[in-house]
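Trainee: I am new to this structure and would like a close look at one part of it, the way its helices pack against each other and what lies around them. Could you take me through that slowly?

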Amino acid sequence: MRIFRLLGVVAVVALAGAAAGEDLRVLLYETRGETRIAGVRIAPEGAGLRVDGRRVGSRWEAPGPGPHRAGGQWVRGTVSVEREGSGLRVINRVPLETYVAGTLGSEMYSRWDANALRAQAVVTRTYALYQREHSGAQGYDLEAGTAKQVYGGVGAESESIERAVADTRSEVLTWNGDPILAAFHSAAGGRTASAEEVWGAPLPYLRSVDVEGEDESPDTYWRVRMPRGQLGSALAPLGLRLGAVRDIHVEERTASGRAARVALSGSGGSGTITGRQLRSALGDEVIRSTLFEIREAGDDVVIVGSGHGHGVGMSQWGAQAMAERGADYREILAAFYPGTRLERRTP
């Protein structure tokens, strides 16, 4: 079956290749001390492990079919503990579709429109396969935390999530036959960023596009007020010795309006940093995006912005708005990843 949309070409075809049924290796967490898996105590000892008081080799796998409790969550599939340096590495090996179900509910509200959930299911699956193909020899394909996708395991599953996964089973976004880097973020602030302006390398399907209807996002407008001295101290780890900040302004913006370069001067010196450096130094949850303006208010600096995240790829709030206006998930994907193909990966 082939489907063509006005927002971009999205084709649904069967594609043989990396099987959708193959397992993913998800790094749940690493620890230098003892951990507990399925009620069993595991700790590093010598070059191996100590499991409930007895020494074993450098790898141990939880018995039984699961689900298993690992750290603070329950996960399906198998759970193993491996020695990594002086500590432990906990790996969950899980089927791709199970991983998608355990991640989708952590990345998007389960109560959202079915087509928004379907779009995110495809994005989650595609991102996982892309990471597996580019993971190298690190011993796992994905991390469970916010560095990649938030994997919640059994706790993230629900009826609406499972339905969205089933409705899109095996569907993957591709470019030239390969899974794309299906980047996504919470809210764009009205326009997404291109891969080139954020990461320095262009990708033809990660272009800047307009986004409508993000008004319901809690990050449509945000505001941070900070004393000048506190701001100068927060930037010191970047090598800037500013003292109390006297002047700060956005010196250059990207094509989508985000802060590319910020100029600062203070009682102890001056310098420039990127918008991303400023966001990282002050905290990604404090400065929620680089789409911001800087205002001065007496002894304080006020940063006012819009959106949440790096801004590349699909805006989740934008996807929800499109779905509420009646867009099919294929149209949503075509809007945020123009020129890609929606292909069904078969074993």
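Mentor: Let us begin with helix α1 (residues 96–107) and helix α2 (residues 114–133), whose axes, in this predicted model, come within 9 Å and cross at roughly 125°. An angle from 65 to 115 degrees would count as roughly perpendicular and one over 145 as roughly antiparallel, and α1 and α2 are therefore oblique to each other. The crossing of these two helices, α1 and α2, is right-handed. On the side of α1 the contact is made by Leu96, Glu97, Tyr99, Val100, Thr103, Leu104 and Glu107, while α2 brings Leu117, Gln120, Ala121, Thr124, Arg125, Ala128 and Leu129. Sorted by class, the contact of α1 with α2 holds eight nonpolar, three polar and three charged residues.

A second pair of helices can be read in the same manner. Here α5 and helix α6 (residues 275–282) pack with their axes 9 Å apart and at an angle of about 105°, and since angles of 65 to 115 degrees count as roughly perpendicular, α5 and α6 are therefore described as roughly perpendicular to each other. In this contact Leu231, Ala234 and Leu235 of α5 meet Leu278, Ala281 and Leu282 of α6, and the residues divide into six nonpolar, no polar and no charged.

Helix α5 also leads us to a sheet. This is an open sheet of three strands in the order β16-β21-β20, with antiparallel pairing, and its edge strands, β16 (222–227) and β20 (292–297), each pair on one side only. From one strand to the next the twist averages 20°. Helix α5 (residues 228–235) packs on this sheet, where it touches β16, β20 and β21, and its direction makes about 95° with that of β16. Within the sheet, β20 and strand β21 (residues 300–305) are joined in the antiparallel sense by six bridges, and Phe292 stands opposite Gly305 in β21.

To finish, we can turn to a set of strands that includes β10 (residues 78–84), which runs antiparallel to strand β7 (residues 59–61) and is joined to β7 by three bridges. Glu61 has Ser80 in β10 as its bridge partner, and Ser80 in turn has Ile91 in β11 as a bridge partner. Between β10 and strand β11 (residues 87–95) there are seven bridges, again in the antiparallel sense. These two strands, β10 and β11, form a hairpin with two residues between them, and Gly85 in the turn has a positive phi of about 65°.

How values were computed. Residues numbered from 1 in each chain as written. Predicted model: local features only at pLDDT ≥ 70, side-chain atom pairs only at ≥ 80, totals over all residues. Heavy atoms only, no water. Pairing = 2+ DSSP bridges. Helix = DSSP H or I, 4+ residues; strand = E, 2+ residues; numbered from the N terminus. Axes fitted to C-alpha atoms, helices over the stretch in contact; angles between N-to-C directions. Contact = heavy atoms within 4.5 Å. Parallel < 35°, antiparallel > 145°, perpendicular 65-115°, else oblique. Left-handed = near helix turned anticlockwise from the far one by under 90°. Nonpolar A, V, L, I, M, F, W, Y, C, P; charged D, E, K, R; others polar.
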